Each structure stands twice: as C-alpha cells, then as structure tokens.
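Please open the model in the viewer and display side chains as sticks. The tour below proceeds by selection, with a short account of what is found at each stop.

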Amino acid sequence: MEIAQTQAKLEPMKFYFLLILLLAFTSQALGKSLDWQSAVALVQQNNTELAAAKESYQAVESLEAAARSGFLPELSATISSTQSYSEQTSAQTQRSESAALTLSQNLFAGFADLNKYRQAQQNTLIARLQYQQAKAQVSSDFKNAYVGLIYAQDYVALTQKILARRAEN
C-alpha cells in the first residue's frame, strides 16, 4: 500500500523531470537557454491538470451568476400577426395583430432562491480552492523536478571533471 502511494506521488515528478529535461535538451539544441521564468510559463501553458481545474472553476463561477437570476425580474415579449382570406372572394381579408409584454418578479419562493444562491457561492468557493490546490501541486512538482534537473546538470559537470582528471593521470 505504501509503495503504491509513493509511486503515485513520483509519477507527476517523473513527468515534470522528463519535461524539463526535454525542454533543456531542446533549448540547447536550438541554442536557447531555458531559464526559470520561461520554464514556468511553459508548464502553465501545457499542464492539463491546471487547465482542467481552471476551466472547472470558471464553469462553476458562471453557474453562480446564473443562480442570482432568481432575484431578478423576468421580462417576456410576444408579437403575432395573422391574416385570413375568405374562400368565396379573395377581396375579403381579415388581418389582426397583437403584441404582449409581460414583466414578473418573484417576491418570495420560500427561501429557495436564497439557498440556491448560497449553494452556488459554496460551490464556487470549493472550485476556487481546488484550483488553488492544483496550482500548488503543480508548482511543488515542478520545483522538485527543476531542482532534480539542476542536480543532474551539476552531477554531469562533476563527472566530466572527474573523467578529465583521470585522463590526466
């Protein structure tokens, strides 16, 4: 059980470590250096978990705005026009037109509107916290992977120095 949990925690770190290594090698091949800011920007643009959490938060926010509609008046309009012809003579026609405008306001719905709005506010709060949690998790995984990359680069440099000293001896 504990091994499975450890592996589950290592999976995102492996992904970010491989992503950083790939970006580092690609940027070196293209002659560009990958600094911290550009690496953070790439992770923010390409991370699917972060994008999904952000989309979920935005969707719940729009549902909260829709929950406010119970407090607002409702306006509806209809326009109709009819024209009828007599079968015996086409000269006799009858035309009628009508228009209607209806405005209604819900005065009291047994606190249903208020409770729907409060529930929507709580759902928005939960979605915002989940988005912040996703950002924190991505940030933590990315920082750990970046530290791993720096360690690996330093280890490669050290190994090259050791090999150069051995070649001298």
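A salt bridge is a side-chain nitrogen of Lys or Arg within 4 Å of a carboxyl oxygen of Asp or Glu. The model is a predicted one, and it holds 2 such salt bridges.

Begin by selecting Arg95 and Glu97, whose side chains meet in a salt bridge with an N to O distance of 2.8 Å. Colour both residues by accessibility: Arg95 is exposed at a relative accessible area of 55%, and Glu97 is likewise exposed, at 55%.

Next, select Glu64 and Arg68. These two residues form the other pairing, with their closest N and O atoms 4.0 Å apart. Is Glu64 buried or exposed? Glu64 counts as buried because its relative accessibility is 12%, under the 20% limit. Its partner Arg68 is partly exposed, with a relative accessible area of 38%.

Now turn to the surface and select Leu75, Leu101 and Leu103. Together these residues form a nonpolar patch with about 370 Å² of accessible area. Within this patch, Leu75 belongs to strand 1, which spans residues 74-85. Leu75 is exposed, having a relative accessible area of 57%.

Finally, colour the whole chain by pLDDT. The mean for the protein chain is 80, and 77% of its residues reach 70 or more. Which elements mark the lowest and the highest mean pLDDT? Select residues 2-29 for helix 1, which has the lowest mean at 56, and then residues 48-67 for helix 3, which has the highest at 92.

Methods:
Residues are numbered from 1 along each chain as its sequence is written. Side-chain values use heavy atoms; hydrogens and water are left out. pLDDT is the predictor's confidence in each residue, from 0 to 100. Helices (H or I, at least four residues) and strands (E, at least two) are DSSP runs, numbered from the N terminus. Buried means under 20% relative accessible area, exposed over 50%, partly exposed in between (1.4 Å probe, protein chains only). Patches are made of residues with over 30% relative accessible area and no salt bridge: like charges are joined within 9 Å, nonpolar side chains (Val, Leu, Ile, Met, Phe, Trp, Tyr) within 5 Å. Accessible areas come from the Shrake-Rupley method with a 1.4 Å probe; for residues, only the protein chains shown count as cover.
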